[in-house]
Amino acid sequence: MNGNAIEVLDLVKRYGNVTALAGVTFSVSRGEIFGLLGPNGAGKTTTIKILTGLTPPTSGRAYVAGFDVVRQPNEVKRRVGWVSSEVILDDDLNAWENLELQARLQGVRNWRERATELLKYFDLLQSAGRPVGGYSTGMRKKLEIATALLHSPEILFLDEPTIGLDVNARAMLWDLIRTVNREFGVTILLTTHYMEEADALCNRVAIINLGKIMALGSPAELKSSVGGEVVELEIERPVDLSALKRLPDVLDVAASDGKIRITVRKADETIPAIVKSLDFSAVKSLKVEKPTLDTVFMKLTGKRIEESHVDYRRFYAMIRRSRR
Ligand SMILES: Nc1ncnc2c1ncn2[C@@H]1O[C@H](COP(=O)(O)OP(=O)(O)OP(=O)(O)O)[C@@H](O)[C@H]1O
Ligand SMILES: [Mg+2]
């Protein structure tokens, strides 16, 4: 055992003849924001359920805060918070009452002090007396996170924290997640199928598909693994490419119907040399394509992550709202 917040060793989970996890291994350092990025059915929620002691693995081992999730589930539960897309708030109760309910379930003493601190931090103090049925989706999510932090966990699991949120609410939540990580010193494992979210928030990301980790690293490492940035030039007339091809930082040059695509390691660093090596009066426009985590996913699986993901929870949320 070492000092990692989470240590996962060759986890396998089968539901009947469905293999949800096919041997997953990774570790999360204390203080990290770690992301599991993958499409529907990848095994993200299953991983969280095993790590929070909600379901046992078929085989393999996992340690959370130094405790074995199978043998010491209570030690684990005391040290982790969990926010999922399943509703945990009671719409008829206000924020205080929801927090009190959770405090009783968790056995948190002096909860009111902690709740006040969290509500203040999360900018919910003003609305805390209103039934949460009237909250916006973003406010609900904030209160869910506050609820999960009531017992001061070391590690917070966020399962698709921004699913169904609009752009503004998502940005607000990203800030909040960073604050919880930095100011409260909480290690965070989150799942998402939004590549920009993994990119913006996570120190390291594991790309998971069909129960297997396909790649793991910092967003920058993952993006550079797909082989560089592309400078695309639109040209008016044919130009001599020989000098361009000899540049040391140019990895590949492809020319076709009025376009030249130049693959380089770092576009910003190589563009000046590209400009010098060509008759630039023939160039109509210049565009830089940088790889995203979607490029990485595409390269690994042949599919775009958004294409292989259905956001069905948004419909559940809509149905829930329409019933009120
Ligand atoms: N309780 C269960 N019984 C049977 N199969 C299950 C159960 N839970 C999950 N699975 C299956 O295990 C696989 C992984 O599911 P999981 O919920 O972990 O995926 P996910 O990455 O969280 O997907 P999503 O993005 O849709 O939430 C899927 O094929 C799913 O159908
Ligand atoms: Mg899931």
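Does Arg114 count as buried or exposed, and at what relative accessibility? Arg114 counts as buried, because its relative accessibility is 17%. Buried here means under 20% relative accessible area, exposed means over 50%, and partly exposed is in between, with a 1.4 Å probe and protein chains only. I'll come back to that arginine.

First, the ground rules. This is a predicted model, where local features need pLDDT of at least 70, side-chain atom pairs count only at pLDDT 80 or more, and totals for chains, interfaces and linings use all residues. Residues are numbered from 1 along each chain as its sequence is written, chains are lettered from A and ligands numbered from 1 in the order in which they are written, and side-chain values use heavy atoms, with hydrogens and water left out.

Now the overall picture. The protein chain has 324 residues, and 49% of them count as buried. Its C-alpha trace spans about 75 × 45 × 35 Å along the principal axes. We have 12 helices and 14 strands. Those are DSSP runs numbered from the N terminus: helices are H or I with at least four residues, strands are E with at least two.

The chain splits into domain 1, residues 6-223, and domain 2, residues 227-290. Those bounds come from an automatic or database domain assignment. The C-alpha centres of the two domains lie 44 Å apart.

On to the ligand. How many residues surround ligand 1? There are 15, and the closest are Asn40, Gly41, Lys44, Thr45 and Thr46. The cut-off for being near is a heavy atom of the residue within 4 Å. By class, that shell holds 6 nonpolar, 6 polar and 3 charged residues. For the classes, Ala, Val, Leu, Ile, Met, Phe, Trp, Tyr, Cys and Pro are nonpolar, Asp, Glu, Lys and Arg are charged, and the others, Gly among them, are polar.

Next, the polar contacts. I mean pairs of N or O atoms within 3.5 Å; within protein, one must be able to donate a hydrogen and the other to accept it, and residues adjacent in sequence count only if both atoms are side-chain atoms. Asn40 puts a polar side-chain atom 2.8 Å from a ligand 1 oxygen. Gly43 uses a polar backbone atom, 2.9 Å from an oxygen of ligand 1. Thr45 has a polar side-chain atom 2.8 Å from a ligand 1 oxygen.

How much of ligand 1 does the protein bury? Taken alone, the ligand exposes 640 Å², and the protein buries 66% of that. Those areas are Shrake-Rupley values with a 1.4 Å probe; for residues, only the protein chains shown count as cover.

Three elements give two or more residues to the shell: strand E2 (18-28), helix H1 (44-51) and helix H12 (312-323). H1 gives the most, with 3 residues. H1 is also mostly covered, with 6 of its 8 residues buried. Those six are Lys44, Thr46, Thr47, Ile48, Ile50 and Leu51. Just after H1, Gly53 has a positive phi of about 75°.

Now charges. A search of the whole structure finds 18 salt bridges. The criterion is a side-chain nitrogen of Lys or Arg within 4 Å of a carboxyl oxygen of Asp or Glu.

Back to Arg114. Its side chain meets that of Glu117 in a salt bridge, 3.3 Å from N to O. Both sit in helix H4 (residues 111-121), 3 residues apart, about one turn of the helix. An α-helix has 3.6 residues a turn, so residues three or four places apart point the same way. Glu117 counts as partly exposed, at 36% relative accessibility.

Helix H5 (residues 137-148) has a pair with that spacing: Lys141 and Glu144, 3 residues apart. Their salt bridge is 3.1 Å, N to O. Lys141 and Glu144 are both buried.

What does Lys223 pair with? Asp199, with the closest N and O atoms 2.9 Å apart. That pair links distant parts of the chain, helix H8 (residues 219-224) and helix H7 (residues 195-201), with the two positions 24 residues apart in numbering. Asp199 is partly exposed, at 27%. There is also a network: shared partners join Arg30, Glu75, Arg78, Arg79 and Glu154.

Last, backbone angles. Asp10, in strand E1 (residues 6-15), has a positive phi of about 50° without being a glycine. Asn110 has a positive phi too, near 50°. Asn110 lies in the loop between helix H3 (95-106) and H4, and counts as exposed at 63%.
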